[in-house]
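This report introduces the structure shown below to a reader who has not met it before. It treats the sheet, the helices and a few individual residues in turn.

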Amino acid sequence: MSSNSRAVVLASGGMDSATAAAVAKESGHELYMLHTSYGQRTESKELECAEAQADYYDAADFLHLTTDHLSKIGNSSLTDDEVAVEDADLDSDEVPSSYVPFRNANLLSMAVSYAEANECDAVYIGAHSEDFSGYPDCRPAFFDAFQQVVEVGTKDDTEITISAPFTEWSKTDIAKRGVELDVPYQLTWSCYRDDEPACGTCDACAFRLQAFQNINERDPIEYAERPDYRT
């Protein structure tokens, strides 16, 4: 990889994308971090965390995009106040209420535009195996298909790889690797419900707490509740 290799990281503010940023940086990429506020419940906290991560990783650029079409479309507990955020059910294979219809296609499209404009070689996204059990736009087949879209829909001399390094990993695997890479998990946010403290009982909090508990590390952020989710 050349010393001037660049990568866009879809920086949600959460622990998975922060770890993806660490993996991209370890691979020799200069980071271009993209954060999108789309009307999610905790958008201000997520933006704060994404900006802090960009500073921590000394990103070459940080782009914050504000869109409202996903929240206007609705039908997700993340963007629609009339849809309740469900309590965690870590064994469910159903699509949860937090699914934002086709969100990753929207986010990846913006990331690829950003990447092509800045001559980046890759777009990193932190989706993992426990995501695609419930979210259809986190499946490996989705990223394979989107790679085809990128190859057909960009300039002939553009080469951008969609990199989803954790698609076969569990959240626990990600946390373990992130600790090895000194990911600043104190600068990340996962809770679907609240800005601070995190609730500890939604799906996102439960998977996150479980991951840290499984590797015998204390999650550094504050929680209203810290149930034991370890497997």
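## Pairing of S2 and S3

Histidine 35 stands opposite histidine 64 in strand S3. The model described here is a predicted one. The strands to which this pair of residues belongs, S2 and S3, are joined in the parallel sense, over 6 bridges.

## The sheet as a whole

An open sheet is formed by 5 strands, in the order S3-S2-S1-S4-S5, and their pairing is parallel. At its edges lie S3 (61-66) and S5 (161-163), each of which pairs on one side only. On average, neighbouring strands of this sheet are turned by 20° against each other, direction ignored.

In general, the strands of a sheet pair through backbone hydrogen bonds, in either a parallel or an antiparallel way.

## Strand S1 and its partners

Strand S1 covers residues 6-10, and 4 of these 5 residues are buried, so the strand is largely enclosed by the rest of the structure. S1 runs parallel to S2 (residues 30-37), and 5 bridges join the two. Within this pairing, leucine 10 has leucine 34 of S2 opposite it.

S1 also runs parallel to S4 (residues 122-124), to which 3 bridges join it. Here valine 9 is the residue opposite tyrosine 124 in S4. How are S1 and S2 related through helix H1? Together with H1 (residues 15-26), the two strands make a β-α-β unit that is right-handed.

## Helices H1 and H7

Two packed helices are described by the angle between their axes and by the distance between those axes. For H1 and H7 (residues 171-180), the axes come within 10 Å and cross at roughly 50°. H1 is therefore oblique to H7, because the range from 35 to 65 degrees is neither roughly parallel nor roughly perpendicular. The crossing of the two helices is left-handed.

From H1, the residues that make the contact are Met15, Asp16, Thr19 and Glu26. From H7, they are Lys171, Ile174, Ala175, Arg177 and Gly178.

## Two buried glutamines

Glutamine 147 is located in helix H6, which spans residues 140-153. Is glutamine 147 buried or exposed? Its relative accessible area is 15%, so glutamine 147 counts as buried, the cut-off being under 20%. When neighbours within four places in sequence are left aside, glutamine 147 is in contact with Ile160, Thr161 and Ile162. Between the C-alpha atoms of glutamine 147 and serine 163 there are 9.2 Å, while the two residues are 16 residues apart along the chain.

Glutamine 210 has its place in helix H8 (residues 203-214). Glutamine 210 is likewise buried, with a relative accessible area of 8%. Which residues does glutamine 210 contact, leaving aside its neighbours within four places in sequence? They are Leu90, Thr172, Tyr229, Arg230 and Thr231.

## Glutamate 217, after H8

The segment after H8 contains glutamate 217. With a relative accessibility of 39%, this residue counts as partly exposed, because the value lies between the 20% limit for buried and the 50% limit for exposed.

Not counting residues up to four places away in sequence, glutamate 217 touches Val179 and Phe212. Glutamate 217 and glutamine 186 are 31 residues apart along the chain, and their C-alpha atoms are separated by 13 Å.

Note on methods: Residues numbered from 1 in each chain as written. Predicted model: local features only at pLDDT ≥ 70, side-chain atom pairs only at ≥ 80, totals over all residues. Heavy atoms only, no water. Helix = DSSP H or I, 4+ residues; strand = E, 2+ residues; numbered from the N terminus. Buried < 20%, exposed > 50% of the residue type's maximum accessible area, 1.4 Å probe, protein only. Contact = heavy atoms within 4.5 Å. Pairing = 2+ DSSP bridges. Right-handed = clockwise from strand over helix to strand, strands pointing away. Axes fitted to C-alpha atoms, helices over the stretch in contact; angles between N-to-C directions. Parallel < 35°, antiparallel > 145°, perpendicular 65-115°, else oblique. Left-handed = near helix turned anticlockwise from the far one by under 90°.
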